[in-house]
Amino acid sequence: MHVLNLGILAHVDAGKTSLTERLLHSAGVIDRIGSVDDGNTRTDTLALERQRGITIKSAVVSFPLDGVTVNLIDTPGHPDFIAEVERVLGVLDGVVLVVSAVEGVQAQTRVLMRTLQRLRIPTLLFVNKIDRRGARYEEVLRAISARLTPAIVPMGTATGLGTRRARFTPGLGPAALDVLAGHDDTLLSAYVENTVTAALLHTSLVAQTREALVHPVFFGSAATGAGVDALLAGIGDLLPPADGDADGPLSGTVFKVERGPAGEKAAYARLFSGTLRTRDRIPFGTDGAEGRITAISVFGQETDTRGDAVVAGQIARLWGLGDIRIGDAIGEPRKAYEHFFAPPTLETVVVPGPDVNSGALHLALTQLAEQDPLIGLRHDERRQETSVSLYGEVQKEVIQATLAEEYGLGVTFRETTPLCVERLVGTGQAVEFNKKDANPFLATVGLRVDPAPVGSGVGFRLEVELGSMPYAFFKAVEDTVRETLDQGLHGWQVPDCTVTMTHSGYSPRQSHAHQGFDKSMSSTGADFRGLTPLVLVEALRRAGTRVHEPMHRFRVEAPADTLGALLPVLAALAAVPQTTETRGAGCILAGTVPAGRVHELEQRLPGLTRGEGELESLFDHYAPVTYGTVPMRSRTDHNPLNRKEYLLNVTRRMGG
């Protein structure tokens with residue numbers, strides 16, 4: 001049986017989970033359609049999901065469709081949980097992107113569509129809620145064409161919009177030929193010669209959809225079932241089934257990790273090639289780890305069932321890989337794990353309740369971060385504080401509720417702050433020589449730092465001979481450089497620079513007669529790890545760094561007569577409107593706003609616009625902080641900015 005791994009994606013509240021329920025019901029998997037409001041849907045299984053009525057964790061459920069097993073993955077729609085969507089994208093064969101016929105194209109819809117196009121994932125669009133008051137047909141099609149992609153093929157017409165009698169009638173219109181002929185020379189020739197047939201049109205539609213060149217658009221209602229049968233037919237006909245050689249080399253990707261009641265770890269994986277069996281010993285990840293598969297549960301019969309093997313194209317849960325992480329490759333790496341969306345731009349400190357053990361809290365947060373690759377933890381041992389990086393306030397509330405319900409830990413949070421970065425102002429270099437001046441380490445290290453293009457990351461180069469000292473010492477310097485750059489002169493990460501090692505030297509291995517290795521006379525890796533932060537921060541001082549804060553690009557639609565009240569508030573929030581467009585009685589403002597001010601703008605917008613304002617905001621870039629005091633971040637290391645304090649801590653740790 002063929003397999004199709006299908007993702008359901010949407011902006012929050014577009015009806016994605018309700019559509020999942022309707023698809024399962026139409027396929028005969030469930031007898032009764034669950035309701036998000038009632039908290040009894042098949043895929044929202046977490047208690048928190050049922051309480052809040054939103055999807056937080058991706059879920060997999062299977063159903064048969066004309067000889068194909070569809071593994072349907074329901075993903076969150078709220079932008080705070082974009083990491084759940086990101087990890088799923090790499091394992092999909094196709095996607096249904098849900099759009100509301102009432103609200104139309106929304107902020108998250110645009111983010112998702114851009115990513116799907118960049119990854120060339122075949123995508124069908126389903127315009128949901130045609131039975132709701134305010135539902136639109138032509139206007140939504142125009143919005144999809146203008147704001148998502150012009151390469152759309154309406155798969156029929158919707159009638160009776162805004163009523164329970166709303167229906168979708170399948171059928172390709174003249175617009176289909178215009179769109180398809182642009183990518184198909186055979187079809188274009190047939191059009192010129194007036195020999196286009198329905199079969200030729202359909203063949204071209206299937207081929208171009210599977211190549212992600214065009215995107216069929218269906219209309220319907222998950223609530224009434226209108227248009228869902230047509231969508232199911234489109235899923236089976238237009239989207240490509242999974243491919244892969246079951247006899248090929250083992251290759252797969254882990255897209256979800258969860259822990260059971262006893263703490264056992266289960267990894268959700270898509271196999272792209274080969275066959276994996278129980279008791280197989282396999283490599284995974286990038287650091288040469290290995291593990292033995294103790295159990296396999298394969299998706300394919302409505303849910304996952306225990307089996308002895310999983311083959312290419314299938315999705316399974318795997319047990320026995322204790323150190324597995326999200327994004328890890330199983331067997332031969334197919335490709336490096338990619339981040340498709342912007343990183344978190346906010347941060348907060350978790351404050352334990354009066355009876356909460358800090359060790360238990362740190363362990364619980366570590367396990368939560370293990371299940372979310374875009375949540376970063378930062379532990380300050382000296383202050384006994386842990387910070388978490390976030391996408392937004394809803395995510396913070398979910399972390400708080402999860403810690404309370406699953407771990408019995410009551411916590412609060414400090415005020416959410418922007419997650420800034422530091423960028424080099426110029427070039428700087430520094431050097432400390434072995435056995436000279438006040439250098440207590442048996443090592444010579446010289447470093448130069450140069451700015452690098454945005455997005456290039458940290459580069460490490462040598463201007464000294466690789467054979468001038470043992471490779472392990474060079475490796476110790478490089479690893480420490482990367483670690484130290486996590487905290488620049490103001491405590492923020494320094495993401496884009498080139499570090500060049502300009503000087504090196506060491507004390508060769510020394511020993512006394514009839515005795516072993518003399519550590520006090522011979523260089524070790526600890527000497528280079530201890531000296532490198534001092535040299536690097538001095539080079540940073542001489543280069544200078546400037547703190548940059550995350551900026552969002554915003555788009556506000558509001559009544560034109562509210563512009564007078566809106567503009568002063570935007571200015572007070574350090575937002576910079578760059579374009580203003582008037583459309584009848586409404587206006588559209590677009591510009592940039594600091595990420596740390598977006599939540600306040602969201603809260604104030606309804607009062608400023610009589611409840612009619614709509615806000616879209618997406619991370620765009622980092623920009624120098626130009627107002628107020630320069631934000632500082634407390635350090636979690638031994639503070640190489642203070643040489644006396646640093647040497648006291650490091651030499652004590654080294655036993656000196």
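Partly exposed, the label we'll need for Pro352, means a relative accessible area between the buried limit of under 20% and the exposed limit of over 50%. Keep that in mind for the close-ups below, which all come from a predicted model.

**View 1. The whole chain, before we zoom in.** Here's the backdrop: 656 residues, 54% of them buried. The chain holds 16 helices and 33 strands. Take the contacts in the chain with a separation of 6 or more, and 72% of them join residues 24 or more positions apart. As for the outside, the accessible surface comes to about 29200 Å², and carbon and sulfur atoms account for 50% of it.

**View 2. Pro352, at the end of a strand.** Pro352 sits in strand S20, which covers residues 346–352. Is Pro352 buried, partly exposed or exposed? Its relative accessibility is 33%, so Pro352 counts as partly exposed. Now look for Val411: that residue is 59 places away from Pro352 along the chain, yet their C-alpha atoms are separated by 4.6 Å. Leaving aside residues up to four places away in sequence, Pro352 touches Leu361, Gly410 and Val411.

**View 3. The largest cavity, with Pro352 in its lining.** The chain has two cavities of 30 Å³ or more, and the largest has a volume of about 60 Å³. Which residues line the largest cavity? You'll find Val350, Pro352, Ser358, Leu361, His362, His379, Gln384, Glu385 and Thr386 around it. Sorted by class, that lining has three nonpolar, five polar and one charged residues. S20, helix H10 (358–370) and strand S22 (385–390) each chip in with at least two lining residues. H10 gives the most, with three. Leu361 turns up in this lining and is also one of the residues that Pro352 touches.

**View 4. Strand S29 and its two partners.** Moving on to another part of the chain, we meet strand S29, residues 497–506. S29 is mostly covered, with seven of its 10 residues buried. How many bridges link S27 and S29? Strand S27 (residues 443–451) pairs with S29 in the antiparallel sense over nine bridges. To spot one such pairing, find Val445, whose bridge partner in S29 is Ser504. Strand S28 (residues 458–462) runs parallel to S29, and five bridges join them. There, Gly459 stands opposite Thr498 of S29. A handy tip when looking along any regular strand: side chains alternate between the two faces of the sheet.

Note on methods. Residues numbered from 1 in each chain as written. Predicted model: local features only at pLDDT ≥ 70, side-chain atom pairs only at ≥ 80, totals over all residues. Heavy atoms only, no water. Helix = DSSP H or I, 4+ residues; strand = E, 2+ residues; numbered from the N terminus. Buried < 20%, exposed > 50% of the residue type's maximum accessible area, 1.4 Å probe, protein only. Contact = heavy atoms within 4.5 Å. Areas by Shrake-Rupley, 256 points an atom, 1.4 Å probe, with all protein chains shown as cover. 1 Å grid on protein atoms, 1.4 Å probe; cavity = no way out; pocket = protein on both sides within 12 Å on 5 of 7 lines; lining within 4 Å. Points joined across faces, edges and corners; volume = space filled by probe spheres on them. Nonpolar A, V, L, I, M, F, W, Y, C, P; charged D, E, K, R; others polar. Pairing = 2+ DSSP bridges.
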